[in-house]
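User: I would like to go through this structure and ask, label by label, what each description rests on.

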Amino acid sequence: MNNAVLSARELLEGVTPLKRDCGSLCACACCQGDEQTGMLLFPGEETLYEGCGFGRVVTANFELAGRRALLFVCDGHCERGARPLSCRLFPLFLRFTKGDTRVAIDPRAASVCPLAGYGLEALNPAFVHAARNAYDILLGDEDCAAFLRALDAELTL
Ligand code: SF4
Ligand code: SF4
């Protein structure tokens, strides 16, 4: 298992986009996927879901950073302490800009998340801060940095 991913998951264990339960605003819209919709798994994260009781790992039909992407497809509920890193970061995203990076609202959140239109300022500062720290840890890992860079490129096209 990738240590950077484990550390990033831990940093986001107890913080949420709002200080209150934002799922009550939208009936947990970001957790209402189907068999074709899943959360992207970070490098190595799939090993945590072998034999998982609330979801499964599926292979995506696209690649990121030269590797076939893996998705976690859940049943619409999970053990909170076991949710994937992508779930913990949502609706945030890491944008690469001219040799630097910045935390931004994930473009994929626009059609799903009612918080997306309000920008970072509307989110719990502790959540944004923890996400920034988590991204910094991920950027220190070669595989995760390549994954984040590829994801940004994919969503910028
Ligand atoms: S869609 Fe947005 S507001 Fe709703 S639960 Fe997910 S992060 Fe919270
Ligand atoms: S794993 Fe949990 S947090 Fe992630 S989409 Fe499924 S129910 Fe939501």
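Analyst: What follows takes up salt bridges, exposure, ligand shells and backbone geometry in turn, for a model that is predicted.

User: Let us begin with the salt bridges. What makes the contact between Asp-152 and Arg-95 a salt bridge?

Analyst: The structure holds 7 salt bridges, and one of them joins the side chains of Asp-152 and Arg-95, with N and O 2.6 Å apart. The label requires a side-chain nitrogen of Lys or Arg within 4 Å of a carboxyl oxygen of Asp or Glu, and a value of 2.6 Å between Arg-95 and Asp-152 meets that requirement, so the pair is called a salt bridge.

User: Why can this pair be said to tie together separate parts of the chain?

Analyst: Asp-152 belongs to helix α5 (residues 142–156), whereas Arg-95 belongs to strand β4 (residues 92–97), and the pair therefore ties together parts that are 57 residues apart in sequence.

User: How do you know whether Asp-152 and Arg-95 are buried or exposed?

Analyst: The term buried is kept for residues under 20% relative accessible area. Asp-152 has 7%, so it counts as buried, and Arg-95, at 17%, is buried by that criterion as well.

User: What are the corresponding labels for Arg-108 and Asp-106, and why?

Analyst: The side chains of Arg-108 and Asp-106 also meet in a salt bridge, at 2.6 Å from N to O. Asp-106, at 3% relative accessibility, falls under 20% and is therefore buried. Arg-108, at 37%, lies between the limits of 20% and 50%, so it is called partly exposed.

User: What makes Arg-132 and Asp-136 a pair separated by about one helical turn?

Analyst: Both residues lie in helix α4 (residues 125–139) and are 4 residues apart there, which means a separation of about one helical turn. Their closest N and O atoms are 2.7 Å apart, in a salt bridge. Arg-132, at 22% relative accessibility, is partly exposed, and Asp-136, at 39%, is partly exposed too.

User: Turning to the cysteines, how many disulfides does the structure hold, and what would a pair need in order to be counted?

Analyst: The structure holds 0 disulfides. A pair of cysteine sulfur atoms would have to lie within 2.5 Å to be counted, so the total of 0 means that no pair satisfies that limit.

User: Which residues surround the two ligands, and why do the shells count as having no charged residues?

Analyst: Around ligand 2 are Cys-30, Cys-31, Cys-74, Gly-76, His-77, Cys-78, Pro-84 and Cys-87. Cys and Pro are classed as nonpolar, and Gly and His as polar, so this shell divides into 6 nonpolar, 2 polar and no charged residues. Ligand 1 is surrounded by Cys-22, Gly-23, Cys-26, Cys-30, Phe-90, Cys-113, Pro-114 and Leu-115, a shell with 7 nonpolar, 1 polar and no charged residues. Cys-30 therefore appears in the list for ligand 1 and in the list for ligand 2.

User: How exposed are Cys-30 and Cys-78?

Analyst: Cys-30 has a relative accessible area of 40%, which places it between 20% and 50% and so makes it partly exposed. Cys-78 likewise has 40% and is partly exposed.

User: What makes Leu-6 eligible for a nonpolar surface patch?

Analyst: Leu-6 lies in helix α1 (residues 3–11) and has 35% relative accessibility, for which it counts as partly exposed. Membership requires over 30%, so the value of Leu-6 passes. Met-1, Leu-6 and Leu-48 form the patch, with about 230 Å² of accessible area together.

User: Which features of the backbone call for comment?

Analyst: Most residues other than glycine have a negative phi, and most peptide bonds are trans. The bond from Phe-90 to Pro-91 is cis, with omega near 10°, and Pro-91 sits in the loop between α3 (85–89) and β4. Phi is positive at Ala-27, near 55°, and at Lys-98, near 40°. Ala-27 is in the loop between α2 (23–26) and β1 (39–40), while Lys-98 is in the loop between β4 and β5 (100–105).

User: Why are Ala-27 and Lys-98 called exposed?

Analyst: Exposed means over 50% relative accessible area. Ala-27 has 57% and so qualifies, and Lys-98, with 88%, qualifies as well.

How values were computed: Residues numbered from 1 in each chain as written. Chains lettered and ligands numbered in written order. Predicted model: local features only at pLDDT ≥ 70, side-chain atom pairs only at ≥ 80, totals over all residues. Heavy atoms only, no water. Buried < 20%, exposed > 50% of the residue type's maximum accessible area, 1.4 Å probe, protein only. Patch = residues over 30% accessible without salt bridge, like charges linked within 9 Å, V, L, I, M, F, W, Y side chains within 5 Å. Areas by Shrake-Rupley, 256 points an atom, 1.4 Å probe, with all protein chains shown as cover. Helix = DSSP H or I, 4+ residues; strand = E, 2+ residues; numbered from the N terminus. Near = heavy atom within 4 Å.
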